[in-house]
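Biologist: I'm new to this structure and would rather get to know a single part well than skim everything. Please pick one chain and take me through it closely.

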Amino acid sequence: MSAALPLSAASGANALLERLPVVLRDGLLGYLPESLRWIVSGLITIAALLAVFGLLFAYLTLAERKLLGRIQNRPGPNRTGWFGLLQPFADAVKALTKEDIVPREADAVLHYLAPVVLVALSLMGFAVLPFGRLLVPVELDSAVLYFFAAGAATELAVFMAGWASRNKYSLLAAMRALAQLISYELPLLLSFVPVIMLAGTLSTTEIVTAQGGWTLGFLPHWHVLTPWGFAGFVIFMIAALAESNRSPFDLPEAESELIAGHLTEYSGFKYALFFMAEYFGMCALSGMAVTLFLGGWQAPCAFLEFIPSYAWFGAKLLALLFGFIWIRATLPRLRMDQLTRLAWKFLVPLALINLGTAAFWFLTAGWSGPLQLVRWAVAVALVVVPFLLLGRRLTAGVAPRTYRYAT
Amino acid sequence: MLFPFLIIACLTLASAAVAMMLRNLIHSALLLVLSWAGIAAFYLWAGAEFIAFAQILVYVGAISMVVLFAVLLTRPSRDVDLPLPAPTVLRIASGLMAAAMVASVLLTAVLATRITGGRSHAPNLTVKDLGALLAGPHAASLLVVGVILTVALLGAIIIAAPAPAERPEDQP
Amino acid sequence: MLGTGLIKGLAVTAKNLVGSYHDPARYTTVEYPEVKPPLPEAYRNFPFLVSESADDPMGTLRCVACQICEKECPPQCIYIEKSKDKKPDAAGKLQIYPTVFAIDTSVCMSCQICVEVCPFDSIKMDQVYEVATPGRYGDLLLNREQLAKSNAYYHQIRPTEAAEVDGRLAAERKAAEEKAKAAAAAKAALPPKPAAPSPAAKLPDESRRSPQGEGGAAKPPAEGAQP
């Protein structure tokens, strides 16, 4: 984690809290000989990431079950520990002690490799997320590209799992994972291109810095608060749902049709690894959405800057994760052809038009006074009108299903 | 500095070689993905971050999917390896010819490159510089590529578009 | 417009989520082992034998071992052995009683036919459902002692039906008493005879028992009238 950015004067009061993680790490490194410091520094970063996101994963599963329960008029897990707080650990012990079954016909090497590759790839995304003003694990010039390169490869691991299991359901899941990737990858990549256009960089830290500052002290300059940014954010989140294989796009898993898809032949800890990867992927994508559209670690109002930046990042991350769970509790799963149609006929055109909107926004940055209103009106129209037209096209002829014989 | 290069080179070449020899197409495809990743690692080693990640995004992320999809859709059975046809003169000749063509292309490319002696440092190119280069001096080629891709996409849409009558029974 | 349906759906789940913290109608789960949901009165599972008194269940069984239920039981899970001697029943009449009355609950299908055919209202459907036992064969075979439950329990699980049954029994008993009185009066009109001791010995027994039965019959209608 490089302490490259100087603290601004406004955050002088919270300097200690802000610096605390870095100070702790440097204090620890002070006890080591110079030659070991670079590697230990890296290891500390990795350990911190694993600890924080491992715990987040554990409690995210609990929170998801609790929230789903509440939404379905039941309490959720509440037996293990106070309010079920020990449930994740009970689950971990269960997963660890279960027998690891490998089907006789399975491709043993790929069957073994798939969960490992999946977790490794889904963890890689965390390396470039700016968690706080001073907390950036790795500064890369093309960080955004790196992030999505790592993300795209995860689907390969799902394919490996599905194919290696030698199970018809798993194979179908593998095919679906590939088809799904082909559908949503394009809108996912197109949705954040405007951000890169306007920020003029692929570096995550610089994208966050570009969203700093407030109008009148309380209106943050986050990308989501512009017309093109809002459209991009929505498209990004829809595609992110598909990328992380979450409901309503959990077609590869599809418990009701494919047993558990690529997870059918997995048990014990390998199964847990798949879940871990799913939640890591969800966290990483949410973190990326926060970075690209929600201002990263920036506080929403100037007077709230005394709260350390990583707390803001965490709060936004949790809000997005709640959104993931909320959507899972609400929407039914799409069919494969519906997903493809949604991605290619709706999201891709919208994302392409959004590029034009962003270009307009970029070119009219100098407008002020009443022209500012015109700028907003045109940009909003550029977002809303295509949405309405394409939406009408997409839903044409769709009505609640009528049944001729059943009542 | 040389040691990582050797590891990357060996890994890339070995996975490519094994991919050629295996009779299981899926294994071959996955090993091919590994060798693509090796090439990306090589770019990374050479300091070309952007190209490396683009390589992973495009090859490991997308093209591998298309390859695997094609294999899954065309293979009759994944358990039975198709029998090797007996080598005839025609087969050997065409194989040799294909190999010679690829080799000649590669050799021309290698020989045409001026390898300057001594240690040259990698150009310190940022993504922004790359973008400026693409949109500036190389704008024409970018446009041509864009037009070709657009035409391909349009063609795909026309091929994929269903006749109006045979729409699926219920739309999303 | 596209998307309105999504927002409506999200609103429904959000309402449920927030409502589950303050609105009991949106939080309908009962945490079973600690909290038991109230059973509907008509719920039935496995028969039990009604005894008049909780203190002396074996002495006050209504069953007279007529064996109709044993014969009618479709899966034949009832086994009865008649007594050789006779004991006075609730109405004071000398009756045979079951020395063995066993129901194999692993066979019983809770069809209620035994209850319907019983002329003495002595077997009724229970409302037990936590019937798991460690033993597979013996523990599921319930004997007379395990099957006998007091009339008060019957009132507790099925107040309306028990009140109705009690009213009917009380009416029968009254009719029997009046008949006995009329017979006694008729006998008193006749010259005295030596057979008197046996009804005399029975009468105190009956006077000890009948207030209970009538008390039980009188109470539930009052309770039922309150709500």
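Modeller: Here is a walk through chain A, with its confidence, domains, core, one loop and one neighbour.

First, the ground rules. This is a predicted model, so local features are used only with a pLDDT of at least 70 and side-chain atom pairs only at 80 or more, while totals for chains, interfaces and linings use all residues. Residues are numbered from 1 along each chain as its sequence is written, and chains are lettered from A and ligands numbered from 1 in the order in which they are written.

How much can you trust chain A? Its average pLDDT (the predictor's confidence in each residue, from 0 to 100) is 83, and 96% of the residues reach at least 70. Among the elements of chain A, α12(A) comes out highest with a mean of 90, while helix α1(A), residues 15-29, is lowest at 77. (Helices here are DSSP runs of H or I with at least four residues, strands are runs of E with at least two, and both are numbered from the N terminus.) Just treat residues 1-13 of chain A with care: their pLDDT stays under 50. The model has 20 contacts beyond four places in sequence for that stretch, a contact being two residues whose C-beta atoms, placed from the backbone, lie within 7 Å.

Next, the layout. An automatic or database assignment sets the domain bounds, giving domain 1 (36-97) and domain 2 (98-389) of chain A. Taken over C-alpha atoms, their centres are 21 Å apart. Where they touch, domain 1 puts in 15 residues and domain 2 puts in 14. On the domain 1 side, α2(A) and α3(A), residues 87-97, supply at least two residues each, with α2(A) giving the largest share, 11 residues. That side holds 10 nonpolar, three polar and two charged residues. (Nonpolar means Ala, Val, Leu, Ile, Met, Phe, Trp, Tyr, Cys or Pro; charged means Asp, Glu, Lys or Arg; the rest, Gly among them, are polar.)

Now look inside. A nonpolar core is a set of buried Ala, Val, Leu, Ile, Met, Phe, Trp, Tyr and Cys residues joined through C-beta atoms within 7 Å. (Buried means 20 or more other C-beta atoms within 10 Å, exposed means 12 or fewer, and partly exposed is in between.) The largest core has 128 residues, and Ala149(A), Met160(A), Ala289(A) and Ile56(B) touch the most other members. Helix α5(A), residues 143-164, gives this core its largest share, 18 residues. Beyond four places in sequence, Met160(A) is in contact with Leu110(A), Leu113(A), Ala114(A), Val117(A) and Leu30(B).

One loop deserves a stop. Most residues other than glycine have a negative phi, and most peptide bonds are trans. Between α9(A) (227-243) and α10(A) (255-258) sits Pro248(A), joined to Ser247(A) by a cis peptide bond with omega of about 5°. The same loop holds Asn245(A), which isn't a glycine yet has a positive phi of about 55°. Asn245(A) counts as buried because 26 C-beta neighbours fall inside 10 Å.

Finally, the neighbour. In chain A, 14 residues are in contact with 14 residues of chain C. On the chain A side, the elements giving two or more residues are α2(A) (34-71), α12(A) (309-330) and α14(A) (370-394). By class, that side has eight nonpolar, four polar and two charged residues.
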